[in-house]
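User: I am new to this structure and would like to understand the words used for it. Could you walk me through them?

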Amino acid sequence: MLIKERIKDLIEHSCMKAVSDNRISAISFPSVKIEYPKDEKHGDYSTPLALESAKILKESPMGIGSILKEYIEGSEIIEKIEVVKPGFINIFLSLDFLHKTLISAIDEGENYGKCGRGTPKMVNIEFVSANPTGPLNIVSARAAALGDTLANLLEARGDVVDREYYINDYGNQVYLLGKSVLHRCKEIMGERIDFPEDGYHGEYIKDIARYLCENHKEETLSFDNEDDQIDYISRKAVDYNVRGHKSDLERFNVRFDTWYNERSLHESGKVTKTLDNLETKGVIYNDNGKRVFEATAFGDDKDRVVVRDDNRPTYLLADIAYHKDKMERGYDLLIDIWGPDHHGYISRIVGAMKALEFDEDMFRILIAQQVNLIMDGELVKMSKRLGKFSTMSELIDEIGVDVARYFFIMRSLDSHLDFDLALAKKQSSENPVFYLQYAHARICSIFREAEKIGTEYFPSGSTAEYLNNPEAIALLKRLALFPEEIFDAAFYFEPHRLANYLLKLAQGFHKFYTEHRVLSTNREMTNAYLSLCDGVRIVLNNGLKLLGISAPEMM
């Protein structure tokens, strides 16, 4: 059980006991809220229960708080209780409890921080899903880091998670890709041609063309009809790009359980069936030959065309069919991570799910805001169509997986990110990734030195009295919070919480290391300090693993 939950249970029990002892007259209280004080001087946890129940009890908040304090403070968890105006009960954890939590963390090892659930949720999280018209760029890299970390956090919370990648391999953009590659193939074969202005101009198109000419030349030239030829080339080009996506993502420590093709939706008839379902619900009308979804009835700002007047389905209809398919697969929760240019699209999909009578609480759309890559003080412009962009693969080559993942995760999803390449390259304490990994490596070095000089280490023999100093207590409190940080980061869909937590933990450790000599002639103190260092090492290792980042033992 999380410490926050234990404190909540303790307060609820104290309320019941105060009522049974006739110290408080009310038999019902507001829901108990447990908060983290902004200032550590105000405790480790706090509750406004006394303030919020004052009107119900018709007594002063301070009086209620004083009564409840008597019942709460007898717990072994609690060091002291403070009741402060206007009616907050501030709770300080005891050193003995913090020390027991440390020893428990060491015993649990790589499992420390994970939260079991009686009934795990089945979760589908779809992220990246970049158009297969070119290599992954840094915007996709941010979605990859965030989505994978969120999936890791949900699994650590006890859920069962499927990671899914949706391949948009149908429609005009794919046709343009095939057309662009065809023209580059013709150039390779010696033809003089005018390249289509609306085509894809990047150098990678030439790479695909060379691949086709070297490996599928006969098939590529076997068509009499150009549209059939472009369709064939489009499929080969998509396959080529998707293989690249998979390779880049594997390098980035990101795996997917499902790769779902949009084309399969159309070929299976699911898109047409979805239109039939919407018509049955009475939310489709005809507008001069176009079929229109009555989206305004479900919160959108205007109605949306789902079938054009030439009977071709729009992208929206395919997306509705795709989300309907996911809803019907039996998940308890669907999570989509979309790019910043999709914010206006949310109401359309959510509205369509409502129209199809799916529970909207099953569906959560997160927007990963824009990434600005800063190189030498200048903003790099990105465009697949014009071929001016920095690819995910190039970024990994330049700064490595660990730095790239952390930099993408350290800001909240809904914050714009200026990716400072100069800072990312630094191997100093200015670089947060280096700072974190160095803390882990330093602890490993301490244990190597302890073994070298023959220092015995028995975590179970550690005593709390040697940890009764400000730096050690701050670390103990930070370590005890780790399971709650995982739970909250998963619950609120905020991976950056874990990144920030680990950085504060590393800062606390470096401060402790500066103030205290870990290995000394005092065997009991050394053993206690080694236990504390071991707890920090375990949490850094477990936390970095959730972020998809390595925890080196030497640097």
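Analyst: Happy to help; here are some questions about helix packing and salt bridges. This is a predicted model, in which local features need pLDDT of at least 70 and side-chain atom pairs count only at pLDDT 80 or more, while totals for chains, interfaces and linings use all residues. Residues are numbered from 1 along each chain as its sequence is written, and side-chain values use heavy atoms, with hydrogens and water left out.

User: Why is α20 called roughly antiparallel to α21?

Analyst: The axes of α20 (residues 496-515) and α21 (residues 523-546) cross at roughly 155 degrees and come within 10 Å. Angles over 145 degrees count as roughly antiparallel, so α20 earns that description relative to α21. The crossing of the two, α20 and α21, is left-handed, meaning that the near helix is turned anticlockwise from the far one by less than a right angle.

User: Which residues of α20 and α21 meet?

Analyst: In α20 they include Leu498, Tyr501 and Phe512, and in α21 Tyr529, Cys533 and Gly543 are among them. Contact here means heavy atoms within 4.5 Å.

User: What kinds of residues make up the contact of α20 with α21?

Analyst: The contact of α20 with α21 has 14 nonpolar residues, one polar and no charged. Ala, Val, Leu, Ile, Met, Phe, Trp, Tyr, Cys and Pro count as nonpolar, Asp, Glu, Lys and Arg as charged, and the others, Gly among them, as polar.

User: What makes Glu267 and Arg235 a salt bridge?

Analyst: Their side chains meet at 3.6 Å, N to O. A salt bridge needs a side-chain nitrogen of Lys or Arg within 4 Å of a carboxyl oxygen of Asp or Glu, and the Glu267 and Arg235 pair fits. Glu267 lies in helix α10 (residues 262-267) and Arg235 in helix α9 (residues 226-251), so the pair ties together parts that are 32 residues apart in sequence.

User: How do you know whether Glu267 is buried or exposed?

Analyst: Buried means under 20% relative accessible area, exposed over 50%, and partly exposed in between (1.4 Å probe, protein chains only). Glu267 has 56%, so Glu267 is exposed. Arg235, at 37%, counts as partly exposed.

User: How many salt bridges does a search of the whole structure find?

Analyst: The search finds 38. Another of them joins the side chains of Glu52 and Lys33 at 3.2 Å, N to O. Glu52 is partly exposed at 29%, and Lys33 is partly exposed at 43%.

Terms used
Axes are lines fitted to C-alpha atoms, for helices over the stretch in contact, and angles run from 0 to 180 degrees between N-to-C directions. Helices (H or I, at least four residues) and strands (E, at least two) are DSSP runs, numbered from the N terminus. Angles under 35 degrees count as roughly parallel, over 145 as roughly antiparallel, 65 to 115 as roughly perpendicular and the rest as oblique.
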